[in-house]
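Biologist: Could you take a close look at one residue for me, and then tell me what sort of protein surrounds that spot?

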Amino acid sequence: MSAGSGQEEGVRFARFLAETRTAVDGELGRLLPASGRAPGRLHEAMRYSVFAGGKRLRPALVLLAGRSFGAPLPDLLAGAAAVELIHTYSLIHDDLPAMDDDDLRRGRPTLHREFDEATAILAGDALLTLGLTVLAEQPVGLPGEVRARAVALVGTAIGTAGMIGGQAEDLAAETGWPGGPGEAAAALDRIHRGKTGALLVACLRLGGLYAAATPAEDLILRDLGEAVGLLFQIRDDILDVEGSASALGKTPGKDAAASKLTYPALHGLDRSRARLKELGQEAMSRIADLPRERESWGELISFLDRRGY
């Protein structure tokens with residue numbers, strides 16, 4: 001794939017994100033309590049963070065994975081919105097003073113800066129709870145067994161074996177990286193696969209679940225999701241070093257200031273870029289196993305590879 005064609009594909013996928021965002025935002029507006037409904041300040045805070053912007057990448061992954069195996073949009077939309085609610089909860093809590101202590105998210109003040117810390121904690125709790133409730137109850141047209149599996153799938157991805165566990169190891173690494181290079185590299189891999197990758201993998205598998213994917217097809221989506229998750233996070237690590245606040249939507253340089261264990265900090269920028277290229281090629285090879293939407297997946301990989309540039 002040439003750089004020029006990759007850039008064009010990235011632009012096309014950005015258009016796809018914009019198109020799917022309209023449908024996802026409509027679903028989010030339906031699911032979220034109105035800001036005028038008591039407790040109004042809490043509901044206003046939830047909406048402030050959910051509608052602060054963002055690319056809606058995770059919902060798009062649910063939709064794209066489901067479409068790859070023939071699922072109709074009505075069977076996918078509620079689950080796609082649910083993972084965005086859960087993702088937004090994680091961002092709110094990540095930004096808190098006890099965690100990453102950030103002032104900027106999606107290009108505007110973080111929730112605890114715009115409102116207050118207690119409201120931010122409660123809004124995050126409420127979004128997590130709402131997201132899991134939506135997965136359990138919707139879409140009503142699918143069997144209850146499918147909805148139960150959706151909750152278990154996403155719940156596992158965000159628990160101590162996934163996102164929350166990765167966040168815990170990420171915070172622990174700020175006070176001192178593990179022993180030698182091999183041990184630190186293994187810890188970094190766990191952090192990235194847990195903190196960011198686990199939910200991204202779950203998004204693909206969730207779309208497959210709604211499409212009644214077979215176990216073999218679920219494995220294809222899992223492997224593709226793991227490559228996409230690492231690609232996304234290593235690009236994020238690189239952008240924290242050389243990106244801008246407008247490109248990131250958050251404060252750049254925070255990782256280095258906090259002595260975080262990141263790919264550039266451990267391996268350097270050149271090796272990080274090389275690993276990014278390897279992951280892009282790996283993800284592209286996984287796409288060949290999908291029955292539909294291969295072109296859209298290729299556009300996604302190009303979009304992630306060029307994100308922030």
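Modeller: Let's start with a cut-off: a residue is buried under 20% relative accessible area, exposed over 50%, and partly exposed in between. Keep in mind that this is a predicted model. The residue I'd pick is G155, whose relative accessibility is 28%, so it counts as partly exposed. As for where it lives, G155 is part of helix α7, which covers residues 144-158. If you want a reference point elsewhere in the chain, try L128: 27 residues separate it from G155 along the chain, and their C-alpha atoms are 10 Å apart.

Now zoom out to the whole protein. Helix α7 is one of 15 helices, and there are two strands as well. The radius of gyration is 19 Å, close to the 19 Å that the globule rule gives for 309 residues, so the protein is as compact as a globular protein of that length. In terms of extent, the C-alpha atoms fill a box of roughly 50 × 45 × 35 Å along the principal axes.

What about the inside? Of the 309 residues, 52% are buried; G155, being partly exposed, isn't in that group. Taking contacts between residues at least 6 apart in sequence, 74% of them join residues at least 24 apart.

On the outside, the protein exposes about 12900 Å², with carbon and sulfur atoms supplying 54% of that area. And for the electrostatics-minded, there are 35 positive and 42 negative charges, and the mean positions of the two sets lie 3 Å apart.

Key
Residues numbered from 1 in each chain as written. Predicted model: local features only at pLDDT ≥ 70, side-chain atom pairs only at ≥ 80, totals over all residues. Heavy atoms only, no water. Helix = DSSP H or I, 4+ residues; strand = E, 2+ residues; numbered from the N terminus. Buried < 20%, exposed > 50% of the residue type's maximum accessible area, 1.4 Å probe, protein only. Rg over C-alpha atoms; globule rule 2.2 N^0.38 Å. Contact = heavy atoms within 4.5 Å. Areas by Shrake-Rupley, 256 points an atom, 1.4 Å probe, with all protein chains shown as cover. Lys, Arg positive; Asp, Glu negative; His and termini not counted. Charge placed at Lys NZ, Arg CZ, Asp CG, Glu CD.
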